[in-house]
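Biologist: Please take me slowly through one small part of this model, and then show me how the rest of the chain can be read in the same careful way.

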Amino acid sequence: MPWLQKPRISARSQNPHTLFCLHCVVCKNPAMGLRHGKIQAMIELISRTPGRHWGFAHVRVHTEKKVRTFLDAMGIPHYLPTLPKARMHHSTKIISEIPMIPGYIFLCADDNERADLRRREKRFVHIELLRDPCLEDVFIEELNALRRCEILAREEPILVNPDIVAGDEVLITAGHLQGLRTTVCARDNEHNTIIVNLTILNKHVEYPVSAETLQKITTSSTRD
């Protein structure tokens, strides 16, 4: 869908107590209002919980899913935004879930639960709860926007190395052509391959390479 871009997350916000600022970029599409309404109906919106406060936890990188399992067992409301990522394994496309914001998970707890979490789970680096009602409301609004963008992004095809497009200069990192720098001609997403340009005896040959074996060096716009 050309009107949808992946959500961009930055650590900037006009509110010094709010960690993340979410940008979900969509163009003015006539169907967007209806689509947004359907998305709204599909998800269970985050809201305030009496006696608890929403906030964020900084955790050790690559432990986000283990922390989520721990919070499940503790009965602590939480939200770990993820996006699907594809990779190839023995010619089979494997789709896994990766955290949208590495190193962070959002949770709702009281002060006693916060202290208990830090004491029982060493993967937590820092936990901050937003006790100010106005700040918490803004934070909850941002989390719900993040959930909507998470669902919208899942409607896009799940590609291997999705950032590599025609015109990019790439390095082949595995296989018989390992170490070769070349240019992308096109993508063949149906077969999880990328067509690259090979020059042999001053002749140009288009050759399919597994998308996972390519590393982007420059983009067509960078070279221009």
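**A close look at A211 and its surroundings**

Modeller: Leaving aside residues up to four places away in sequence, A211 touches V160, N161, N192, T193 and I194. Please keep in mind throughout that this is a predicted model, and that the values I give you were computed from it. A211 itself is found in the loop between β12 and β13, the latter being residues 214-218. A211 counts as buried because its relative accessible area is 1%, and the cut-off for buried is under 20%. The chain also brings A211 together with a part that is distant in sequence, for A211 and L159 are 52 residues apart along the chain, while their C-alpha atoms are separated by 8.8 Å.

A211 also helps to line an enclosed space. The count of cavities of 30 Å³ or more comes to two, and the second largest of them holds about 30 Å³ of space. Its lining is made up of L159, V160, R187, D188, N189, N192, T193 and A211, so you will find there V160, N192 and T193, which A211 also touches. Sorted by kind, the lining of this second largest cavity has three nonpolar residues, three polar ones and two charged ones.

One residue of that lining, N192, deserves a pause. N192 sits in the loop between β10 (181-188) and β11 (193-200), and its phi is near 55°, a positive value in a residue other than glycine. N192 counts as buried, since its relative accessibility is 16%. You can set beside it H62, whose phi is near 75°, again a positive value in a residue other than glycine. H62 belongs to the loop between β3 (53-59) and α2, but here the label is exposed, because the relative accessible area of H62 is 72% and exposed means over 50%.

An open space can be read in a similar way. The second largest pocket holds about 150 Å³, and its lining consists of I172, A174, G175, H176, L177, Y207, P208, V209, S210 and T213. Strand β12, residues 203-210, gives the most to this lining, with four residues. The lining of the second largest pocket divides into six nonpolar and four polar residues, with no charged ones.

Let us now follow the loop of H62 onward to α2, where E64, V67, F70 and L71 are buried. Seen down the axis of α2, these buried residues fall within an arc of 115°, so they line one face of the helix. There is a simple background to this: an α-helix has 3.6 residues a turn, so residues three or four places apart point the same way. On the other side of α2, T69, D72 and A73 are exposed. The cover over the buried residues of α2 includes β3, β4 (78-79), β6 (92-99), β7, α3 and β8. Just after the helix comes G75, with a positive phi of about 75°.

Since α3 is part of that cover, it makes a natural next stop. Helix α3 spans residues 111-120, and its buried residues are E113, D116 and L117. They lie on the same side of α3, because they cover an arc of only 100° around its axis. Among the elements that cover them are α2 (64-74), β7 (104-109) and β8 (124-129). The N-terminal end of α3 is capped by D110, which has a side-chain oxygen 3.1 Å from the backbone nitrogen of N112. Within the helix, D116 counts as buried because its relative accessible area is 17%, and its side chain makes a polar contact with the side chain of R119, at 2.4 Å.

For an intermediate label, look at A145 in helix α4, residues 133-153. With a relative accessibility of 23%, A145 counts as partly exposed. A145 and L45 are 100 residues apart in sequence, while their C-alpha atoms are 9.5 Å apart in space.

Finally, step back to the whole chain. Its secondary structure comes to five helices and 13 strands, and 37% of its 224 residues count as buried. Of the contacts between residues at least 6 apart in sequence, 62% join residues at least 24 apart.

Notes: Residues numbered from 1 in each chain as written. Predicted model: local features only at pLDDT ≥ 70, side-chain atom pairs only at ≥ 80, totals over all residues. Heavy atoms only, no water. 1 Å grid on protein atoms, 1.4 Å probe; cavity = no way out; pocket = protein on both sides within 12 Å on 5 of 7 lines; lining within 4 Å. Points joined across faces, edges and corners; volume = space filled by probe spheres on them. Helix = DSSP H or I, 4+ residues; strand = E, 2+ residues; numbered from the N terminus. Nonpolar A, V, L, I, M, F, W, Y, C, P; charged D, E, K, R; others polar. Buried < 20%, exposed > 50% of the residue type's maximum accessible area, 1.4 Å probe, protein only. Contact = heavy atoms within 4.5 Å. Arc of directions from axis to C-beta. Polar contact = N/O pair within 3.5 Å; in protein donor to acceptor, adjacent residues only side chain to side chain.
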